[in-house]
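This report describes the fold of one protein, from a single helix pair outward to the whole chain.

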Amino acid sequence: MAIVKWPATAGASFSDRADILPAMKTAESIRPSESLKHVRYEIRGRLARRAHELERQGYEIVSLNIGNPRAFGLRTPETMRLAMIENLAEAEGYCHQKGIFPAREAVVMQQQARGVTGVTAEEVFIGNGVSELIDLVLRALLNDGDEVLVPSPDYPLWTAAVTLNRGRAVHYPCRPENGFVPDPQEVARLMTPRTRALVVINPNNPTGAVYPRHVLEALAQLAQARGLVVFSDEIYDQMTYDGAEFVPMATLVHDTLCATLSGLSKVYRACGYRVGWVAFSGRTHAAGDYLNALELLASLRLCSNVMAQWAVQTALGGHQSIQELVSPGGRLHESRAAILEAAATSRYLRLAPPGGAMYAFIGVDPQALPDFDDQQFTLDLLEQKHVLVAPGVSFNVSYRNHFRITNLPDAVTLKDVFGRIEELLGAYAALPRAAGRAPDNVVSVSSRVK
Ligand SMILES: Cc1ncc(COP(=O)(O)O)c(C=O)c1O
């Protein structure tokens, strides 16, 4: 049998590859589902593909667009690897659709230790990352046109998954001038009879905001008053800096259904394991049909990756090595400090200090660069300075003067990156014409490498 080799241009989008698959070309092109029309995930989109292309041409690109700890040398705790290896033989078959019992029980114990009551292993589902669960929990809930309150900026999978599951994402603003913390009164004004759920991402991606207790309490009250399901994405729960307090939403929500989502990807630096969980608390007794529907969806995909589930109990118990990384002197603490320093000394950048997670959502001063355009800037930064960051527009915001950067690299790398950013912004500022547009006097890499 002939071996079919994946073309050298693997990684290009399918539309980019039409030329290299002539045999598959037909007169009628195959159209994708209409349901994808408004679905976007720019973080891995065109810009990332261009970065990949440049790398293949030999350029060294500093990729700061994705929160992948392993790409920056941050390893999964050894004990988790050992737990997985030790149980390999137990991982050969399908497991229960909700996940293996020791993993679900470990999540229960973590919730109990945080003061969340009423969760048993029955109310815990393990999935292939939080990503899969975001889709499943929404798919089990939504009907055509149901509205879900989603933060803006958001982690864009939330908006995409609402859209894909026939709902309507209604974005509540988390404004830069308010440290990216939402105003519960504004959230309340966006509620309609069609609102079914409220999504909270705390600590937040992309802003790093850690919401104060009183804000979470007000959001909990709103949800309870309207019987909304609260989806609390807490995947960065133990990543806080300089004393910022993380308050688990489930400790505040009692009178409606609360779904807490978290996983191994960030705090435990194991995003390749693809393990996440959702724990339901609050009015679970009134949610039997919903939880059955979710279990049906979980059954349809049989189960999630069994091997890595064996690492959950080890991860959640005992010493939490993430604390060393986020404390003064720790890698993530110091790299975040480098970002704060760079923003504070920049002539163009503005930053509401992130209290948690592993990102900074940085603004460009509209006074200094009134015509700044985040997409043009990120493209120029890639082509001219070989740095890849995500434009703010990727995170469902209406303004165009922000970009997201991760603090996963070491402080020295970040200092160098911010030097390059300042150079590019300085070049914009020196232009007589609208800043943020591609400067004519700079030869772009794309034209040089042809
Ligand atoms: C807020 C948030 N939720 C969910 C995810 C997805 O995580 P997982 O790797 O568990 O699918 C991410 C990944 O970056 C995230 O930032």
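## Helix pair and sheet

Helix 4 crosses helix 5 in a right-handed sense, where right-handed means that the near helix is turned clockwise from the far one by less than a right angle, and left-handed anticlockwise. The structure is a predicted model, in which local features need pLDDT of at least 70 and side-chain atom pairs count only at pLDDT 80 or more, while totals for chains, interfaces and linings use all residues. Residues are numbered from 1 along each chain as its sequence is written.

Helix 4 (residues 129–139) and helix 5 (residues 157–164) have axes 9 Å apart and pack at an angle of about 35°. Axes are lines fitted to C-alpha atoms, for helices over the stretch in contact, and angles run from 0 to 180 degrees between N-to-C directions. Helices (H or I, at least four residues) and strands (E, at least two) are DSSP runs numbered from the N terminus. From helix 4, S131, I134, D135 and L138 meet L157, W158, A161 and V162 of helix 5; a contact requires C-beta atoms, placed from the backbone, within 7 Å. These contact residues comprise six nonpolar, one polar and one charged. Here Ala, Val, Leu, Ile, Met, Phe, Trp, Tyr, Cys and Pro count as nonpolar, Asp, Glu, Lys and Arg as charged, and the others, Gly among them, as polar.

Helix 4 also lies across strands 2, 6, 7 and 8, running at about 155° to strand 7. An open sheet of seven strands follows the order 2-8-7-6-5-3-4, with mixed pairing; strands pair if DSSP finds at least two bridges between them. Strand 2 and strand 4 are at the edges with a single partner strand each, so one side of each lacks a neighbour in the sheet. Within the sheet, strand 6 and strand 7 pair in the parallel sense over four bridges, and F231 has A259 in strand 7 as its bridge partner.

| Strand | Residues |
|---|---|
| Strand 2 | residues 124–127 |
| Strand 4 | residues 168–173 |
| Strand 6 | residues 229–233 |
| Strand 7 | residues 257–263 |
| Strand 8 | residues 276–282 |

## Whole protein

The protein contains 15 helices and 13 strands. Its radius of gyration is 23 Å, close to the 22 Å that the globule rule gives for 450 residues, so the protein is as compact as a globular protein of that length. The radius is taken over C-alpha atoms, and the rule is 2.2 Å times the number of residues to the power 0.38. The C-alpha atoms fill a box of roughly 65 × 65 × 45 Å along the principal axes.

How values were computed: Two residues are in contact if their C-beta atoms, placed from the backbone, lie within 7 Å.
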